[in-house]
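Colleague: Could you take a close look at a single helix of this model for me, and then work outwards from there to the loops and the enclosed space around it? I would like one connected account rather than a list.

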Amino acid sequence: MPYLKGKGILLSLLTVLLAVACNTPPTPKPRGFFLMKFPEKKYRTFDVPGYPYTFEYPVYANVVKDTAFFGEKPENPYWINIDFPTLNGKIYLSYKIIGENNNTFQKLVDDAFKMTYKHTYKAEYIDENKIHTPNHVAGTFYEVGGNAASAKQFFATDSVRHFLRGALYFYAPPQADSLAPANEFLEKDMWHLVETLRWR
């Protein structure tokens, strides 16, 4: 009999606990991301003899010559990539000479526009920011919102001879929320590149 009484008390206690637990409103978990440690901002100059441009890029990046563009050879030897090994990202820089290979100024601007806006099916928005620097560099910096493959892109030109296009990509699924800190960090480096860009 004492055994059954103890069992009854235990059953009553469990019933009360279940009733209280079921009536507790759910608590949403805060949104969380991996903690990313970013390096200190410091820059060095890309100034290779023979190249038609020079600019400053981060000390935590490596400049690598681009030898293949979608499996084909680039149209000139001045295509490079700025690789960020610790952030798993890369800025692809393609350089074109206005007037060569049917590259009119308007065609190059239209191509840059089309390459950015091909992300519209994934983009939530595309902001265009004008570029004007004292070094005779003009162009547009694009910020692509949403889960686009490349959230930061630009083209820079003197509108007479030089045309440089840049696009930032990460070796990771294009999830805007998780890539936001790295995109914001490297956007500053892309603007620094544009602001220090000089033609020669």
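Modeller: The buried residues of α2 pack against five strands, namely β5, β6 (123-133), β7 (137-146), β8 (152-157) and β9. The model is a predicted one, and what follows should be read in that light. The residues in question are Leu108, Val109, Ala112 and Thr116, each of them buried in α2. They lie on the same side of α2, because the arc they cover around the axis is only 100°. As for its length, α2 has 13 residues and reaches 18 Å from its first C-alpha to its last, which is close to the 18 Å expected at 1.5 Å a residue.

To place this helix in the whole, the protein has 3 helices and 10 strands, and from the N terminus on its elements follow the order α-β-β-β-β-β-α-β-β-β-β-α-β. Of the 200 residues in the protein, 39% are buried. Among contacts between residues at least 6 apart in sequence, 51% join residues at least 24 apart.

Going back along the chain from α2, one comes to the loop between β5 (89-97) and α2 (105-117), where Asn103 is found. Asn103 counts as buried because its relative accessible area is 2%, where the limit for that class is under 20%. Leaving out residues up to four places away in sequence, Asn103 touches Glu75, Lys96, Ile97, Ile98 and Leu108. One of these partners, Leu108, is also one of the buried residues of α2, so that the contact list of Asn103 leads straight back to the helix.

Asn102 lies in the loop between β5 and α2 as well, but its setting is described by another class: with a relative accessibility of 67%, Asn102 is exposed. Its backbone also deserves attention, as Asn102 has a positive phi of about 60° although it is not a glycine. In general, most residues other than glycine have a negative phi. A positive phi, near 60°, is likewise found at Asn88, again a residue other than glycine. Asn88 belongs to the loop between β4 (80-84) and β5, and at 38% relative accessibility it counts as partly exposed.

Another partner of Asn103 is Glu75, which sits in the loop between β3 (62-65) and β4. With a relative accessible area of 36%, Glu75 is partly exposed. Setting aside neighbours within four places in sequence, the contacts of Glu75 are with Lys96, Asn101 and Asn103. Lys96 thus appears in the contact list of Glu75 and also in that of Asn103. Ile97, which Asn103 touches, is 22 residues from Glu75 along the chain, and the C-alpha atoms of Glu75 and Ile97 are separated by 9.8 Å.

From the other end of the picture, β9 is one of the strands against which the buried residues of α2 pack, and β9 leads to the enclosed space you asked about. Rolling a probe the size of a water molecule over the atoms shows where empty space is left. The structure holds 1 cavity of 30 Å³ or more, and about 30 Å³ of space lies in the largest cavity. Its lining consists of Ala148, Ala149, Ser150, Ala151, Leu168, Tyr169, Phe170, Leu179 and Asn183. Two or more of the lining residues are given by each of β9 (162-170) and α3 (176-196), and the largest share, 3 residues, comes from β9. By character, the lining divides into 7 nonpolar residues, 2 polar and no charged.

Two of the lining residues can be followed further. Tyr169 lies in strand β9 and, at 27% relative accessibility, counts as partly exposed. Tyr169 and Ala148, which are 21 residues apart in sequence, are 9.7 Å apart in space from C-alpha to C-alpha. Leu179, in turn, lies in helix α3 and counts as buried, with a relative accessibility of 15%. Between Leu179 and Asn147 there are 9.3 Å in space, C-alpha to C-alpha, for a separation of 32 residues in sequence.

Terms used:
Residues numbered from 1 in each chain as written. Predicted model: local features only at pLDDT ≥ 70, side-chain atom pairs only at ≥ 80, totals over all residues. Heavy atoms only, no water. Helix = DSSP H or I, 4+ residues; strand = E, 2+ residues; numbered from the N terminus. Buried < 20%, exposed > 50% of the residue type's maximum accessible area, 1.4 Å probe, protein only. Contact = heavy atoms within 4.5 Å. 1 Å grid on protein atoms, 1.4 Å probe; cavity = no way out; pocket = protein on both sides within 12 Å on 5 of 7 lines; lining within 4 Å. Points joined across faces, edges and corners; volume = space filled by probe spheres on them. Nonpolar A, V, L, I, M, F, W, Y, C, P; charged D, E, K, R; others polar. Expected span 1.5 Å × (residues − 1). Arc of directions from axis to C-beta.
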